[in-house]
Each structure stands twice: as C-alpha cells, then as structure tokens.
Amino acid sequence: MAIKTRDLRSASNRSGKVVVAKSLNEALAKNQQTAFLCHSHKDHELAKGLQVLMKENGWDLYIDWEDSEMHSTPNKDTANRIKTKINTTDWFLFLATGNSTQSRWCPWEIGFADSAKGYDKILIIPTEDDYGTWYGNEYL
C-alpha cells in the first residue's frame, strides 16, 4: 500500500513541532531505530514529511541534506559519507516517487545498500499522488 504524497506534505508542516535527534549517535544512544533515507532532493517536502512521521513513531531518519558535514557539491567524499551512513544506520529506506525513480544517485545507493544491508533491512516506501498514480518500479 502506498503512502499518499499529500499525507507526507501535511506531516512536513509539523516538522517544527517534532524534536529530531541532533545526531545519529544521539539516536543510537537512545536505542531508537535509525534509517538512511534514499530519495530525490526534488522531493524535499516529502522527505521531511516522512522524517516527521518516522520520528513520531520513535525512529530517527537520516537525510543527507541535513548533514552539516556533507559537501554542497557531490564528489568522492560525498559517496564515502553516504556509504558510511548506510552502514551505520539500522535500516535503508527508499522513498519511491517519480523523481527518485529517475534519479542518478538513488539506484547507486540502492545497489550499495543491497550489498551492505541485505534484503531484510531495506524498505521501499511507495507513494501515490492525488491523481492515483503509484510510484515504484518492478525491480524495487
């Protein structure tokens, strides 16, 4: 079952009311489930909404553009940092949208996560827009 994009947008409006762990280490110290979010940066609002929903359910969701140590332009260090975050979080989540299924980075991250995490620690989060279009590919 897909999550409605309007529900993610609505949740993103609650982002100021939900306290997100200051760091991945803080979340791990609190024994929270942690996850790396693979998504398109074009889906900023949807990613934030998912983060709020996950936080409301006791999870800490790592989003790369919130990481102050991430380079502003992708390079080798960016790839290495992403690998590290995928390895150190409990789960790998893929937010399937029209944008993420067309992304150049997302398939790379999924491929790395498949080898690093294994099938049991990867979750695909399909989305559905207001027109009933469902996003996610058969290979997912």
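So, five helices and six strands: that's what the protein chain has. Keep in mind that this is a predicted model. If you read along the sequence, the order of elements goes β-α-α-β-α-β-α-β-α-β-β. The chain has 140 residues, and 46% of them count as buried. Now, take the contacts in the chain with a separation of 6 or more: 76% of those are between residues 24 or more positions apart. I'll show you some of those long-range pairs as we go.

Let's talk helix pairs. In general, you describe two packed helices by the angle between their axes and the distance between the axes. I've got two pairs for you.

The first pair is H1, residues 5-12, and H3, which covers residues 44-56. What do their axes do? They come within 7 Å and cross at roughly 75°. That makes H1 roughly perpendicular to H3, because an angle from 65 to 115 degrees falls in that class. Who is actually meeting whom? On the H1 side you have Thr5, Leu8, Arg9, Ala11 and Ser12, and on the H3 side Glu45, Leu46, Lys48, Gly49, Leu50, Val52 and Leu53. Sort the residues in that contact by class and you get six nonpolar, three polar and three charged.

Stay with Leu53 for a second, since it's one of the H3 residues in that contact. Buried or exposed, or somewhere in between? Leu53 has 22% relative accessibility, so it counts as partly exposed; the cut-off for buried is under 20%. Leave out its neighbours within four places in sequence, and Leu53 is in contact with Ile3, Leu8, Ala11 and Arg14. Here's one of those long-range pairs: Leu53 and Ser12 are 41 residues apart along the chain, and their C-alpha atoms are separated by 8.5 Å.

Okay, second pair: H4, residues 76-88, and H5, residues 105-117. Their axes come within 10 Å and cross at roughly 45°. H4 and H5 are therefore oblique to each other, and the crossing is right-handed. From H4, the residues involved are Thr78, Ala79, Ile82, Lys83, Ile86 and Asn87. They meet Trp105, Trp108, Glu109, Phe112, Ala113, Ala116 and Lys117 in H5. By class, that contact has eight nonpolar, two polar and three charged residues.

Let me pick out Lys83, which lies in H4. With residues up to four places away in sequence set aside, Lys83 touches Trp108 and Phe112. Lys83 is at 31% relative accessibility, so we call it partly exposed. And how far is the Lys83 C-alpha from that of Ala113? The two are separated by 8.2 Å, with their positions 30 residues apart along the chain.

Still in H4, look at Arg81. Not counting residues up to four places away in sequence, Arg81 touches Asp67, Glu69 and Met70. Arg81 and His71 are 10 residues apart in sequence, and C-alpha to C-alpha they're 9.4 Å apart in space.

Now over to a strand. Leu123 sits in S5, which is residues 122-128. Which residues does Leu123 touch, once you ignore anything up to four places away in sequence? Trp91, Phe92, Leu93 and Phe94. Leu123 and Leu93 are 30 residues apart along the chain, yet their C-alpha atoms are separated by 4.8 Å. Leu123 has a relative accessible area of 35%, so it goes down as partly exposed.

Last stop, the cysteines. How many disulfides does the structure hold? Zero. So why don't Cys38 and Cys106 count as one? The sulfur of Cys38 has its closest cysteine sulfur in Cys106, 3.6 Å away, and that's too far for a bond; the cut-off for a disulfide is within 2.5 Å. Look from the other side and Cys106 is in no disulfide either, with the sulfur of Cys38 as its nearest cysteine sulfur. As for exposure, Cys38 is buried, with a relative accessible area of 0%. Cys106 is buried as well, with a relative accessible area of 1%.

How values were computed: Residues numbered from 1 in each chain as written. Predicted model: local features only at pLDDT ≥ 70, side-chain atom pairs only at ≥ 80, totals over all residues. Heavy atoms only, no water. Axes fitted to C-alpha atoms, helices over the stretch in contact; angles between N-to-C directions. Helix = DSSP H or I, 4+ residues; strand = E, 2+ residues; numbered from the N terminus. Parallel < 35°, antiparallel > 145°, perpendicular 65-115°, else oblique. Left-handed = near helix turned anticlockwise from the far one by under 90°. Contact = heavy atoms within 4.5 Å. Nonpolar A, V, L, I, M, F, W, Y, C, P; charged D, E, K, R; others polar. Buried < 20%, exposed > 50% of the residue type's maximum accessible area, 1.4 Å probe, protein only.
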